[in-house]
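Here is a short report on a two-chain model. Keep the sequence and the structure open while you read.

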Amino acid sequence: MPAENGAPSKRSRWSWWYLLFVVQFLVILWPPFYNKAEPTLLGIPFFYWFQLLWVLVSAVFTAVVYLMTRKSQ
Amino acid sequence: MPQVNGIALVVFVLLFGFITWLGFAAARWRRGDLDQLHEWGLGGRRFGTVVTWFLVGGDIYTAYTFIAVPALAFGAGAVAFFAVPYTILIYPLLFLIFPRLWNVCHKHGYITAADFVRGRFGNRWLALAVTITGIIATLPYIALQLLGIQVVVGALGVTGTGIAADLPLIIAFAVLAAFTYSSGLRAPASIAIVKDTLIYIATFAIVIVVPIKLGGFGKIFAAVPAQKLLLAVPGAHTTGAYGSYATLALGSALALFLYPHSMTAILSASSGKAIRRNAAILPGYSFMLGLLAMVGLFVIAAGIADMPDYAWGFKTFKNNFAVPALILHLFPSWFVGVAFAAIAIGALVPAAIMSIAIANLYTRNIHREFINRNPTNKQESQMAKTVSLIAKLGALIFIIFVPTKYAIQLQLLGGIWIIQTLPAVLLGAYTRWFNDWALLVGWAVGTLAGTAMAYASNLATTYTIAFAGYSFPGYSALYTVVLNLLLVIVLTPVFNALGGGRKPIDETVPADYAA
């Protein structure tokens with residue numbers, strides 16, 4: 001999307017680390033990937049424990065992006 | 001009729017008394033001049049990473065969420081778990097967009113999303129659309145918080161007829177109104193710390209103790225009927241339950257931070273850095289919400305719905321009684337008091353922030369824009385305090401006199417309406433390319449189409465689009481915001497040409513968005 005006067009803002013730099021967010025989105029927005037009961041963990045079906053695990057993975061991804069882009073902000 | 005649970009009630013009242021004191025004492029916390037709107041309504045933008053964590057967490061994971069998500073899991077099963085992807089998706093958005101918005105709002109003294117839109121696009125009518133949408137979407141949400149209090153007070157066995165039935169709610173409301181009036185955003189910020197500590201303790205206790213009492217997770221999930229355990233696999237020519245699940249998650253995530261109360265909590269952070277850090281630590285709440293969604297399934301396994309002791313509660317509060325009933329059934333009275341207090345206090349925090357957000361919107365974007373253009377600081381903050389009282393009073397009257405189902409339906413419609421401000425607010429943080437009138441038309445069409453879809457689907461969250469022999473059931477908010485955005489993109493060059501290249505002034509410059 002072009003910014004005002006067609007000149008992109010130079011202040012917000014792109015970082016390849018942002019791709020971690022894309023991974024986060026694609027996995028969780030594709031239910032066929034995790035809509036199954038097996039394998040279970042401590043008796044909890046895959047559907048439930050995988051999504052809970054993905055909360056933690058996403059938090060780690062976000063922390064990584066934060067640390068890796070901190071300098072350029 | 002239920003018996004009054006004495007010990008639980010005493011613990012409940014003590015904890016409630018404590019946070020009442022805290023709410024008033026908060027006026028002196030990180031002291032500022034409460035006669036200025038940004039001090040009263042944004043806590044002076046002084047909250048660091050930790051307080052912001054409690055405040056935003058207490059604000060967006062509301063008491064209603066903690067009651068309604070497990071209630072949905074209890075009633076409908078796996079589909080309720082969409083709350084987990086939803087809360088996963090919100091944090092990249094928070095990380096990428098909100099530090100920019102915080103910077104520009106800080107720079108120009110904006111305290112609402114509508115302030116930003118007014119400055120960015122220079123169109124008071126577009127700002128008014130954002131304001132009105134925000135106020136109307138938030139009011140039923142406050143009412144639902146009071147519903148959360150109603151459920152736990154009922155579960156404590158405190159009942160009555162006529163005015164006595166609503167007395168606990170009126171007391172809670174009076175407390176809430178008084179400390180919000182006197183302390184502003186500092187009150188919910190300090191109370192959130194207590195409330196979230198209680199919620200975390202209660203949730204982890206439930207998730208550990210209940211499976212032990214019920215014989216392990218394996219046994220619990222074995223007791224859940226197969227059609228509730230997983231999403232239904234879609235048949236041919238439809239995206240089925242998968243489509244609904246993913247669009248509900250994405251649509252809810254996009255809508256969340258457009259709500260005025262989310263904006264208020266985020267803008268009160270002390271820096272863009274505090275916001276980015278929070279994107280990494282706020283998922284702590286998402287994890288807890290996921291655990292609570294599973295608790296809804298525990299209730300199925302415990303077979304509580306068929307027990308005569310709880311028939312009254314389920315009859316009165318429907319599935320919303322699921323979690324309170326489980327707690328009553330399996331825990332000692334003192335714990336019941338702690339857990340129920342956590343839910344009730346958990347209702348006060350977002351209700352306070354929501355009423356402050358509405359007050360900020362009215363004061364800045366309606367009163368100052370259209371009625372008195374040059375208020376003094378004191379007049380402005382006094383106006384906001386008064387409006388916060390009116391907003392809460394409206395919610396109280398609503399929940400007492402209007403059937404609960406209307407509050408729930410209005411809150412559902414609120415999600416569809418608030419998402420229509422996305423192009424102006426969230427995309428506006430990145431680009432000024434859009435024409436302001438095109439944004440207004442997109443907003444109007446999206447709002448009408450979303451409302452029509454909701455009514456066509458009998459006020460369900462999802463609407464099925466049929467196309468070329470395929471059907472796509474999905475969240476109407478997401479469908480209509482796409483329509484809204486396409487319209488804005490098509491109409492922008494048209495309106496620019498009609499306007500002869502004349503464009504309202506953008507009072508922000510690119511440097512304002514950087515730290």
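B:Asn458 is a good place to start. It is exposed, because 6 other C-beta atoms lie within 10 Å. The cut-offs are these: a residue is buried if 20 or more other C-beta atoms lie within 10 Å of its own, exposed if 12 or fewer, and partly exposed in between, with C-beta atoms placed from the backbone. B:Asn458 lies in the loop between helix H22 (436-456) and strand E1 (462-467) of chain B. Helices (H or I, at least four residues) and strands (E, at least two) are DSSP runs, numbered from the N terminus.

This is a predicted model, in which local features need pLDDT of at least 70, side-chain atom pairs count only at pLDDT 80 or more, and totals for chains, interfaces and linings use all residues. Residues are numbered from 1 along each chain as its sequence is written, while chains are lettered from A and ligands numbered from 1 in the order in which they are written.

**Backbone exceptions**

Most residues other than glycine have a negative phi, and most peptide bonds are trans. B:Asn458 has a positive phi near 60° and is not glycine. B:Lys318 also has a positive phi, near 55°. B:Lys318 sits in the loop between helix H16 (308-317) and helix H17 (322-330) of chain B. B:Lys318 counts as partly exposed because it has 15 C-beta neighbours inside 10 Å. In chain A, the peptide bond from A:Glu38 to A:Pro39 is cis, with omega near -5°. A:Pro39 is in the loop between H1 and H2 of chain A.

**Chain A and its contact with chain B**

Chain A has two helices and zero strands. Of its 73 residues, 26% are buried. Two residues are in contact if their C-beta atoms, placed from the backbone, lie within 7 Å. Among contacts in chain A with a separation of 6 or more, 52% join residues 24 or more positions apart.

How many residues does each chain give to the contact between chain A and chain B? Chain A gives 35 residues and chain B gives 41 residues. On the chain A side, helix H1 (19-28) and helix H2 (46-69) are the elements that give two or more residues. H2(A) gives the most, with 13 residues. By class, this side of chain A has 23 nonpolar, nine polar and three charged residues. Here Ala, Val, Leu, Ile, Met, Phe, Trp, Tyr, Cys and Pro count as nonpolar, Asp, Glu, Lys and Arg as charged, and the others, Gly among them, as polar.

**Helices of chain B**

Two helices can be checked for length. The expected span is 1.5 Å times one less than the number of residues.

| Helix | Residues | Expected span | End C-alpha distance |
|---|---|---|---|
| H1(B) | 6-25 | 28 Å | 29 Å |
| H15(B) | 283-302 | 28 Å | 29 Å |

H15(B) is mostly covered, with 15 of its 20 residues buried. Just after H15(B), B:Gly303 takes a positive phi of about 65°. In H1(B), the buried residues include B:Val11, B:Phe12, B:Leu15 and B:Phe16.

Helix H12 (residues 240-256) and helix H23 (residues 476-498) of chain B pack at an angle of about 65°, with their axes 8 Å apart. Axes are lines fitted to C-alpha atoms, for helices over the stretch in contact, and angles run from 0 to 180 degrees between N-to-C directions. H12(B) contributes B:Thr247, B:Leu250, B:Gly251, B:Leu254 and B:Ala255, and H23(B) contributes B:Ala477, B:Leu478 and B:Val481. By class, the contact of H12(B) with H23(B) has six nonpolar, two polar and no charged residues.

**Core and long-range neighbours**

The largest nonpolar core has 212 residues, and B:Phe340, B:Ala341 and B:Ile345 have the most contacts inside it. Such a core is a set of buried Ala, Val, Leu, Ile, Met, Phe, Trp, Tyr and Cys residues joined through C-beta atoms within 7 Å. Helix H18 (residues 333-371) of chain B gives the most to this core, with 22 residues. Not counting residues up to four places away in sequence, B:Ala341 touches B:Val11, B:Phe12, B:Leu15, B:Phe16 and B:Leu198.

B:Gly148 lies in helix H7 (residues 124-155) of chain B. Is B:Gly148 buried or exposed? It counts as buried, because it has 24 C-beta neighbours inside 10 Å. Beyond four places in sequence, B:Gly148 is in contact with B:Ala63, B:Tyr64, B:Ile67, B:Ile343 and B:Ala347.
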